[in-house]
Amino acid sequence: MTDPTSLPNFPPPAGDAPLRGRVLDALQDEGFRPDIDGDGDVSFKVEGQQLFVHCAEGEVPVMRVFGQWQIGEDLPADEMLRLTNANDLSLRLNIVKVGINNGTLVCTAEHIVGPDADVRSLLQISTQLVLTAVQFWHQMMLGQDVFGDEGPQA
């Protein structure tokens, strides 16, 4: 008899979560190996980074691609600088929101997803926007001017 803990985490039937099913299909089509975590979010790794997709099913379905990163000790501990740089990115970049919570950088990209929306393209764009925003925030914390205008960096 097989060990039940070794069985893969199968997604629920598509009718139970149609947007999440579309997300799983799109990620698998791109060669990712998505899984569903304990919160019901789709998890996947890209470029060595763990990302998640939260699907709010309902009358207006919303897809949120997000990740969270523990802020390293190699970066300035100035909380105001961290928040200012996160705010600057949220204001400058379309779709992306960046925030700080208990020493963790959180970056999200959200979309309303209609029945005819190209989920695959939305996932590709959102994933790259999230990873780019994280990279920009880190560079800003190191005093680099990522926008070429001497904004509020260190």
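Start by selecting Phe52: with a relative accessible area of 17%, Phe52 falls under the 20% cut-off and so is buried. Keep in mind that you are looking at a predicted model. Now add Phe66, which is buried as well, at a relative accessible area of 15%.

How many aromatic pairs are there to find? The count comes to three. Phe52 and Phe66 make one of them, a stacked pair with 5.4 Å from centre to centre and 25° between the planes. Colour strands E3 and E4 and you'll see Phe52 sitting in E3 and Phe66 in E4, 14 residues apart.

For another pair, select Phe136 and Phe147. Their rings meet edge-to-face, 5.6 Å centre to centre, with 80° between the planes. Phe136 belongs to helix H3 while Phe147 is in the segment after H3, so this pair ties together parts eleven residues apart in sequence. Phe147 is partly exposed, with a relative accessible area of 27%.

**The sheet**

Switch to a cartoon view. Strands of a sheet pair through backbone hydrogen bonds, either parallel or antiparallel. Here you have an open sheet of six strands with antiparallel pairing, and walking across it takes you through E1-E2-E3-E4-E6-E5. Which strands stand at the edges? Strand E1 (35-36) and strand E5 (96-101) do; each has a single partner strand, so one side of each has no neighbour in the sheet.

Zoom in on E5 and strand E6 (residues 104-112), an antiparallel pair held over six bridges. Select Lys97, and look across to its bridge partner in E6, Thr108. Further along, Asn101 stands opposite Thr104 of E6. E5 and E6 form a hairpin with two residues between them, and in the turn Asn102 has a positive phi of about 50°.

Show the side chains of E5 next. In a regular strand, side chains alternate between the two faces of the sheet. On E5, Val96, Val98 and Ile100 point to one face and are buried, whereas Lys97, Gly99 and Asn101 point to the other face and are not buried.

**Helix H3 and the core**

Now select helix H3, residues 119-141. H3 packs on the sheet, where it touches E2, E3, E4, E5 and E6, and its direction makes about 25° with that of E4.

Try showing the largest nonpolar core, a set of 39 residues. Val23, Val53, Met63, Val98, Leu123 and Trp137 have the most contacts inside this core. At least two core residues come from each of helix H1 (18-29), E2, E3, E4, helix H2 (79-92), E5, E6 and H3. Which element gives the largest share? H3 does, with eleven residues.

Click on Trp137 and look around. Beyond its neighbours within four places in sequence, Trp137 is in contact with Ile71, Leu75, Arg82, Asn85, Ala86, Leu89, Val98, Ile100 and Leu105.

**Last stop: two helices**

Finally, show H1 together with H3. Two packed helices are described by the angle between their axes and the distance between the axes. For H1 and H3, that angle is about 70° and the axes are 9 Å apart. H1 and H3 are therefore roughly perpendicular to each other. To see what makes the contact, select Leu19, Arg22, Val23, Ala26 and Leu27 on H1, then Val119, Arg120 and Leu123 on H3.

Definitions and conventions. Residues numbered from 1 in each chain as written. Heavy atoms only, no water. Pairing = 2+ DSSP bridges. Helix = DSSP H or I, 4+ residues; strand = E, 2+ residues; numbered from the N terminus. Contact = heavy atoms within 4.5 Å. Axes fitted to C-alpha atoms, helices over the stretch in contact; angles between N-to-C directions. Core = buried A, V, L, I, M, F, W, Y, C linked by side-chain atoms within 4.5 Å. Buried < 20%, exposed > 50% of the residue type's maximum accessible area, 1.4 Å probe, protein only. Phe/Tyr/Trp six-rings, centres within 6.5 Å; stacked < 30°, edge-to-face > 60°. Parallel < 35°, antiparallel > 145°, perpendicular 65-115°, else oblique.
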